[in-house]
Amino acid sequence: MDRGTTPQTPKAKLLDAALILIREKGYSSTSVDELCHQAGVSKGAFFHYFKSKEALAVAAANHWSASTTAFFETAPYHKHSDPLDRVLGYLDLRKAILKGEIAEFTCLAGMMVQEIYGTHPDIREACEASISGHAAKVEADIAEAMKRYRVRAPWTAESLALHTQAVLQGAFIMAKAKGSAATAAASIDHLHRYIELLFQPTRRKSKEKS
């Protein structure tokens, strides 16, 4: 993220350090000392802003949510007038940003919640809010697409939106297991085709009438 020439505060440096290290190593394997070293701040500065590593992790999940929301809200796919094209464009973007090392494109919230869901409820809640909040943005376009194409189904816009996140998180896990982004890209391609098929019958009829 381009922060211009404005100096970062120690708090912002620690949050960014958490995004880097936790995605690389996991929450449990990341120490306060390592976070301070990565951020270039003292331990005293750490405890000035955060009472514990857990408190930093909660703040990092919220920081991740705000950063990714800002990124996706300004993405070009929002320019599509057709809501289904916006949903598919979102998936195209998710595939396009599978760049660099695996830790660089994986989800902080998804990474942490797999590790701490049974031991750190505050972190789990922050991660759930991040993932569900992101899904809600996709849900709005899915709901509009269902209305536009008069889709009546046993599934809901919410369930399909959450499914997109489940596939993406699973794709990140497979990328780690395989040591390659290619398997994650293939999973997104499958999801793209699946959503197209869900809307294909009514969308085709709509285009034939127009």
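This is a conversation between a visitor and a guide about reading a predicted model of a protein chain.

Visitor: Where should I begin, and how many helices and strands does the secondary structure of the chain come to?

Guide: A good start is to list the elements and then look at the overall extent. In this predicted model, the chain comes to ten helices and zero strands, so that reading along the sequence gives the pattern α-α-α-α-α-α-α-α-α-α. The C-alpha atoms fill a box of roughly 65 × 35 × 30 Å, taken along the principal axes. Of the 210 residues in the chain, 43% are buried, and among the contacts with a separation of 6 or more, 68% are between residues 24 or more positions apart.

Visitor: How do I read a single helix, and what span does α8 reach from its first C-alpha to its last?

Guide: One can set the span of a helix beside the span expected for its number of residues, and then look for a bend. Helix α8, with 28 residues, reaches 39 Å from its first C-alpha to its last, which is close to the 40 Å expected at 1.5 Å a residue. There is nevertheless a kink of about 25° in α8, and this kink is centred on V138. V138 also belongs to the buried residues of α8, which include I123, A126, H134, D141 and M146.

Visitor: What follows α8?

Guide: After α8 comes R150, whose phi is positive, near 50°. The general idea to keep in mind is that most residues other than glycine have a negative phi. R150 is not a glycine, and yet its phi is positive, at about 50°. R150 is placed in the loop between α8 and α9.

Visitor: Is R150 buried or exposed?

Guide: The cut-off for exposed is over 50% relative accessible area, and R150 counts as exposed because its relative accessibility is 64%.

Visitor: How would the same reasoning go for H192, and why does H192 count as buried?

Guide: Here the other cut-off is needed, since buried means under 20% relative accessible area. H192, which has its place in helix α10 (residues 182-209), counts as buried because its relative accessibility is 15%. Leaving aside residues up to four places away in sequence, H192 touches L88, L91 and D92.

Visitor: Which residues does L21 touch, not counting residues up to four places away in sequence?

Guide: L21, whose place is in helix α1, touches G26, T30, E34, L35 and Q38 when those neighbours are not counted. L21 counts as buried because its relative accessibility is 8%. It also helps to compare distance along the chain with distance in space: L21 and E101 are 80 residues apart in sequence and 13 Å apart in space, C-alpha to C-alpha.

Visitor: Against which helices do the buried residues of α7 pack?

Guide: To answer this for any helix, one picks out its buried residues and then asks what they contact. In helix α7 (residues 108-116), the buried residues are L108, A109, G110, M111, M112 and I116, and they pack against α1, α4, α8 and α9.

Visitor: How should I read a pocket, and which residues lie nearest the centre of the largest pocket?

Guide: A pocket can be described by its volume, by its lining and by the elements that supply that lining. The largest pocket has a volume of about 740 Å³ and is lined by 28 residues, of which R23, W64, S67, T68 and E104 lie nearest its centre. At least two lining residues are supplied by each of α1 (10-25), α4 (53-73), α6 (102-105), α8 (121-148) and α9 (157-178), and the largest share, seven residues, comes from α4. Sorted by class, this lining has 13 nonpolar, nine polar and six charged residues.

Visitor: How many cavities of 30 Å³ or more does the structure hold?

Guide: The structure holds one cavity of 30 Å³ or more, and about 30 Å³ of space lies in the largest cavity. Its lining consists of T106, C107, G110, M111, Q114, Q169, F172, I173 and K176. The elements that give two or more residues to this lining are α7 and α9, and α9 gives the most, with four residues. By class, the lining of the largest cavity has four nonpolar, four polar and one charged residues.

Methods. Residues numbered from 1 in each chain as written. Predicted model: local features only at pLDDT ≥ 70, side-chain atom pairs only at ≥ 80, totals over all residues. Heavy atoms only, no water. 1 Å grid on protein atoms, 1.4 Å probe; cavity = no way out; pocket = protein on both sides within 12 Å on 5 of 7 lines; lining within 4 Å. Points joined across faces, edges and corners; volume = space filled by probe spheres on them. Nonpolar A, V, L, I, M, F, W, Y, C, P; charged D, E, K, R; others polar. Expected span 1.5 Å × (residues − 1). Bend = angle between axes of the 7 residues up to and from the residue. Buried < 20%, exposed > 50% of the residue type's maximum accessible area, 1.4 Å probe, protein only. Contact = heavy atoms within 4.5 Å.
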